[in-house]
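Q: Please take a close look at one buried stretch of this model and at what lies around it. Set it against the chain as a whole, and then against some sites elsewhere in the chain.

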Amino acid sequence: MPDLATQIDIKAPPDEVWAVLTDFAAYPEWNPFLRELRGEAVEGCSLSLCIRSKRGDERQFWARILKFRAPAHLCWQAELIGGGLLRGECGFALQVCNGGTRVDQVVRFSGPLAALVRGNMAQEVHASAEAMGQALRARVEEVR
């Protein structure tokens, strides 16, 4: 399955965007998709995350931070179906752009069941990633 990618420009420097993106405890205040993200913002650490679907269903997962390079790269991978059958990876890349920050978000699935994430499910994940980007921009610009 191809990666699902979104991009958004935020009128703030990368360090301000990074501060919001890595303040995991505040996610319930602004993030419509990741309703809970607990754990230390350090490469290699485990995270507990709760994802809310468009229907309002919530699912809990465990993830590990694969990459943490302030203030430019954050990536974690979650085991969505045990035994490595389906993993989801979510990555963010921040770069200076037009006096602000461009945030690229990529979601990719891997494992033997990754091909099942197509059609409506892929559309929902993409829409959720876009909503998260919009909410991140609103939060960063609100905090400024």
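What follows describes the whole chain, then the chosen part, then other sites.

A: This is a predicted model, in which local features need pLDDT of at least 70 and side-chain atom pairs count only at pLDDT 80 or more, while totals for chains, interfaces and linings use all residues. Residues are numbered from 1 along each chain as its sequence is written, and side-chain values use heavy atoms, with hydrogens and water left out.

The protein chain has three helices and seven strands (DSSP runs numbered from the N terminus: H or I of at least four residues for helices, E of at least two for strands). In sequence order the pattern is β-α-α-β-β-β-β-β-β-α. The radius of gyration is 15 Å, which agrees with the value near 15 Å for a compact globule of 144 residues; this radius is taken over C-alpha atoms, and the globule rule is 2.2 Å times the number of residues to the power 0.38. Along the principal axes, the C-alpha atoms fill a box of roughly 40 × 30 × 25 Å.

Of the 144 residues, 43% are buried (under 20% relative accessible area; exposed is over 50% and partly exposed is in between, with a 1.4 Å probe and protein chains only). Contacts are heavy atoms within 4.5 Å. Among contacts with a separation of 6 or more, 47% join residues 24 or more positions apart. Carbon and sulfur atoms hold 51% of an accessible surface of about 7,600 Å² (Shrake-Rupley method, 1.4 Å probe; for residues, only the protein chains shown count as cover).

The part chosen is Gln-105, in strand β7, residues 100–110. Gln-105 counts as buried because its relative accessibility is 5%. Beyond its neighbours within four places in sequence, Gln-105 is in contact with Leu-4, Ala-5 and Thr-6, with Cys-90, Gly-91 and Phe-92, and with Ala-129 and Met-132. Leu-4, Ala-5 and Thr-6 fall within strand β1, residues 4–10, and Ala-129 and Met-132 fall within helix α3, residues 119–143.

Two of these partners can be followed further. Cys-90 lies in strand β6 and is buried at 10% relative accessibility. With residues up to four places away left aside, Cys-90 is in contact with Leu-74, Cys-75 and Trp-76, and also with Gln-105, Val-106 and Val-107. From Cys-90 to Gln-123, 33 residues away in sequence, the C-alpha distance is 16 Å.

Phe-92, the other partner, touches Leu-21, Ala-72, His-73, Leu-74, Trp-76, Val-103, Asp-104, Gln-105 and Met-132, not counting residues up to four places away. Phe-92 is also one of the residues that touch the most other members of the largest nonpolar core, along with Tyr-27, Trp-76, Phe-109 and Leu-136; that core has 39 residues. Helix α3 gives the most to this core, with six residues. A nonpolar core here is a set of buried Ala, Val, Leu, Ile, Met, Phe, Trp, Tyr and Cys residues joined through side-chain atoms within 4.5 Å.

Strand β1 also holds Asp-9, which is partly exposed at 32% relative accessibility. Asp-9 touches Cys-97, Thr-101, Arg-102 and Arg-137, with residues up to four places away not counted. Asp-9 and Gln-134 are 125 residues apart in sequence but 9.4 Å apart in space, C-alpha to C-alpha.

The loops give other cases. Asn-98 sits between β6 (86–97) and β7 and is exposed at 74% relative accessibility. Its phi is near 50°, a positive value in a residue other than glycine. Between β4 and β5 (73–81) is Pro-71, joined to Ala-70 by a cis peptide bond with omega about -15°. Most residues other than glycine have a negative phi, and most peptide bonds are trans.

Lys-54, in the loop between β3 and β4 (58–69), is exposed at 65% relative accessibility. The C-alpha atoms of Lys-54 and Asp-15 are separated by 30 Å, with the two positions 39 residues apart in sequence numbering. Cys-45 lies in the loop between β2 (34–38) and β3 (46–52). Not counting residues up to four places away, Cys-45 touches Glu-40, Ala-63, Arg-64 and Ile-65, whereas Pro-32, 13 residues away in sequence, is 23 Å away from Cys-45, C-alpha to C-alpha.
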